[in-house]
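Grab a pencil and work through these exercises with the structure open beside you. Try each task before you read its solution.

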Amino acid sequence: MKTTKTIFQDGDHKWIAIVRDPEKPNYLIDTNEYLVTHGGQGLLLDPGGAEVFPAVFSALSAEFDPSALAGIFASHQDPDICSSLALWLEFNPGMRCHVSWLWSGFIPHFGGTADTFVSIPDEGSDISLCGLTLRAVPAHYLHSSGNFNLYDKTARILFSGDVGAALLPPGEEGLFVEHFDKHIRHAEGFHRRWMGSNEAKRRWCERVAQLDIDMLCPQHGAIYQGDDVQRFINWFDELQVGIVNG
Ligand code: FE
């Protein structure tokens, strides 16, 4: 069973992180799922793989009525992001899946019908959750060719998908980054290999530095908060990516 932690709350506007699962087999990469709620509706961000669906579903259900989920936001197409799609839709066939237009013909292989998918154009779009506006922010080639973050201006939270991700060793699995320099060592190899373009990275750093962000929430690893958000952006801006020896 995964742990849930409310990381933001203002009335019924909440962000709930669904993290860590001591029973998860080690051969599966660890993932964070996030639930945004507002006005009695919920949007689930990167709901995870089919293998972790039971753990995510039971943790979420303890906090929120899953039949009130309006949709899923998929930052990109990977199996650890959204291979659970068919299982969520089985439970709630009316859910919408917001995803880059680039993947809207591929992700239906995980499930859904023509009505399920809402394509996000390259420049991004607004997603409304019962009157709360969330913004899909372009993060193309970081790492996927059609890739989005999700920004909540009211909560000042950026869900950053694989950007900011870290592969944490046992014993360093806190929900928040505590010592940036120590933490970032677990993110460096991941970013060098998975992020495909220095130019895309530079544009992302410029774009995101203009947003007012209290918490930067990746899909793997720990959450950056306060000054660590800008520290991360600066670190990423300097990093050379998209190179592999071999
Ligand atoms: Fe990925």
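**Exercise 1.** Find the bridge partner of His38 in β4, then say how β3 and β4 pair.

*Solution.* Step 1: look across to β4, where Gln41 is the bridge partner of His38. Step 2: widen the view to strand β3 (residues 33-38) and strand β4 (residues 41-45), which pair in the antiparallel sense over five bridges. Strands here are DSSP runs of E with at least two residues, numbered from the N terminus, and two of them pair if DSSP finds at least two bridges between them.

Before you go on, note that this is a predicted model, where local features need pLDDT of at least 70 and side-chain atom pairs count only at pLDDT 80 or more, while totals for chains, interfaces and linings use all residues. Residues are numbered from 1 along each chain as its sequence is written, and side-chain values use heavy atoms, with hydrogens and water left out.

**Exercise 2.** Work out the strand order of the open sheet of seven strands and name its edge strands.

*Solution.* Step 1: follow the order, which runs β1-β2-β3-β4-β5-β6-β7 with mixed pairing. Step 2: pick out β1 (3-10) and β7 (117-120), the edge strands, as each pairs on one side only. Step 3: check the twist, which averages 20 degrees from one strand to the next (axes are lines fitted to C-alpha atoms, and angles run from 0 to 180 degrees between N-to-C directions).

**Exercise 3.** Why do Cys82 and Cys97 not form a disulfide?

*Solution.* Step 1: recall the rule, that a disulfide is a pair of cysteine sulfur atoms within 2.5 Å. Step 2: apply it to Cys82, whose closest cysteine sulfur, in Cys97, is 6.2 Å away, so that's too far for a bond. Step 3: count up, and you get zero disulfides by this rule. As an extra, Cys82 is buried at 1% relative accessible area, and Cys97 is buried too, at 0% (buried means under 20% relative accessible area, exposed over 50%, partly exposed in between, with a 1.4 Å probe and protein chains only).

**Exercise 4.** Look at the loop between β9 and β10: what is unusual about the phi of Tyr141, and which peptide bond is cis?

*Solution.* Step 1: start with the usual case, since most residues other than glycine have a negative phi, and most peptide bonds are trans. Step 2: turn to Tyr141, which has a positive phi of about 65 degrees although it is not a glycine. Tyr141 is partly exposed, at 47% relative accessibility. Step 3: move on to the peptide bond from Leu142 to His143, which is cis with omega near 0 degrees. His143 sits in the loop between β9 (132-138) and β10 (148-152).

**Exercise 5.** How many residues line the largest pocket, and how do they divide by class?

*Solution.* Step 1: get the setting straight. On a 1 Å grid over the protein atoms alone, a pocket is an open set of points where a 1.4 Å probe fits, with protein on both sides within 12 Å along at least five of seven lines; lining residues have an atom within 4 Å of a point. Step 2: the largest pocket has a volume of about 400 Å³, and 16 residues line it, with Lys24, Asn26, Asp30, Leu168 and Glu173 closest to its centre. A volume is the space filled by probe spheres set on the points, which are joined across faces, edges and corners. Step 3: sort the lining into eight nonpolar, three polar and five charged residues. Ala, Val, Leu, Ile, Met, Phe, Trp, Tyr, Cys and Pro count as nonpolar, Asp, Glu, Lys and Arg as charged, and the others, Gly among them, as polar.

Methods
Helices (H or I, at least four residues) and strands (E, at least two) are DSSP runs, numbered from the N terminus.
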